[in-house]
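This report looks at selected local features of one model. It covers side-chain contacts first, then unusual backbone geometry.

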Amino acid sequence: MPDPALLERLRQAVDANFDAEVKFLAEIVRFPSLRGQEAPLQDWLARHFAGRGYAVDRFTIADTPLAAHAKAAPMVEADPAASVQVVATHRAKDPSGRSLILQGHIDVVPEGPAEMWTHAPYAATVRDGWLYGRGANDMKAGVACMIWAMEALRKAGLEPAADVHLQTVTEEESTGNGALATLARGYRAEACLIPEPTGHTITRAHTGTLWFRIRVRGVPVHVAQAQTGTNAILSALHIIQALQQHTRALNEAAKSDRWYAGVQDPIKFNPGIIRGGDWASSTPAWCEVDCRIGLLPSMEVADAMAAVERCIEASRAGDTFLANNPPEVSWHGFQADGFVQEPGTEAEAVLAAAHQGVFGAAMQERITTAVNDTRYYGRYYNMPALCYGPSGEGNHGFDERTSLDSLRQTTLCIAAFIADWCGVKEISEK
């Protein structure tokens, strides 16, 4: 348990800063930081960090040797030279504690039709204890928590007794290359905390993710003679149905998995984008479907990709056109492994104690069927990688919102974790 006097000191600091923290969160939610459009927000954050005295490293993915890394994923409609990452570092003088990475992504998914939102998606509307907006919960609230946890220490007259890297990254929603770029840049620490919106639970395991595109090409004819031509959309639908059956088989096998046996249908398949055809009275000559499928931490990415390709190849036999005209499958975006943060690390014990002190209850764990960036730090770079953050609703949906009460509590919990993990030293207010 954190020292009660220290915890109360931090609580008072969080409370004193809280109006400014909510204002900060609203400001960053107002940036429509969609894929390829994150630079304005990253520049704003870089200026904020510099103004608070951090050593700031602003760089792009193209500035790192990421392309040579075995786990780099193909970028999707984004220029590596325009994909900005920011690392703000607190350098401890005569460090005596344990170093830490605090990392959060600032890229968001498209908001969809704005008229289907109750509040404008980038207005950062505050109502009844919630802050609404695209990215408010996933995961700009977590970004605010980690930044203002450090501010709470400062407000309390303390500073970490070890190096702390505050990282705001892109590409979490499509490749993960932003997180990997910080590692390729050379940033390391003795633990990493990523405050994704986990509802105050620690993520024990996450699935991996693959993105791929299916292209079908055919012969258009007037619909009056449809039987003499092809229908690329219907052929693509046939492939989708085969992939649905493939997913059912994967989920049946998952019933014996160590971590996912108790999770219903942990492998999720989604045909997420479809384009095709040119005229309602012409049979469609082309169709493209962008898909996502998951994989368990126990599965290898290459094996999962090969299984998808075998499924698509086998499906051709059930479609007259596809039997003689193979579709094209291309891989872009996520080629992400799953990850399990095994219990028993000292970092997790320190986080659990901080949680207990703030919430008065034991920290619970969760098994998720979505991916996050912890895999890079934990699976490839052998550091404890904790995914723990605030609570909210509507990730990737309409009326996404984050709880302001949770924002306050999570900020305090992360501040208490930093104080224990890194140690603290007294500083004089400037």
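Leaving aside neighbours within four places in sequence, R213 is in contact with E77, R275, E288, V289, D290, E328, V329, S330 and H332. These details come from a predicted model. R213 sits in strand β10, which spans residues 208-217. Is R213 buried or exposed? R213 counts as buried, because its relative accessibility is 13% and the cut-off for buried is under 20%. One contact partner of R213 is D290. The side chains of R213 and D290 make a polar contact of 2.6 Å.

**The loop around D163**

D163 is placed in the loop between β6 (158-160) and β7 (164-169). Which residues does D163 contact, leaving aside its neighbours within four places in sequence? They are H90, R91, A92, S99 and L100. Two of these contacts involve polar atoms of the D163 side chain. With R91, the link is side chain to side chain, a polar contact of 3.0 Å. With A92, the backbone is the partner: the backbone nitrogen of A92 lies 3.0 Å from a polar atom of the D163 side chain. H90, another contact of D163, falls within strand β2 (84-90).

**Backbone geometry**

Most residues other than glycine have a negative phi, and most peptide bonds are trans. The residues below depart from the phi pattern.

| Residue | Phi | Place | Relative accessibility |
|---|---|---|---|
| E77 | near 50° | loop between β1 (55-60) and β2 (84-90) | 66%, exposed |
| D399 | near 55° | loop between β17 (392-393) and β18 (401-403) | 23%, partly exposed |

Both phi values are positive, in residues other than glycine. E77 also returns to the opening topic: E77 is among the contacts of R213. E77 is exposed, at a relative accessible area of 66%, whereas R213 is buried. Why does D399 count as partly exposed? Its relative accessibility is 23%, and partly exposed covers values between the buried limit of 20% and the exposed limit of 50%.

Where is the cis peptide bond? A cis peptide bond joins D138 and M139, with omega about -10°. M139 lies in helix α3, residues 136-155. D138 also falls within that residue range.

Definitions and conventions
Residues are numbered from 1 along each chain as its sequence is written. This is a predicted model: local features need pLDDT of at least 70, side-chain atom pairs count only at pLDDT 80 or more; totals for chains, interfaces and linings use all residues. Side-chain values use heavy atoms; hydrogens and water are left out. Helices (H or I, at least four residues) and strands (E, at least two) are DSSP runs, numbered from the N terminus. A polar contact is a pair of N or O atoms within 3.5 Å; within protein, one must be able to donate a hydrogen and the other to accept it, and residues adjacent in sequence count only if both atoms are side-chain atoms. Contact means heavy atoms within 4.5 Å. Buried means under 20% relative accessible area, exposed over 50%, partly exposed in between (1.4 Å probe, protein chains only).
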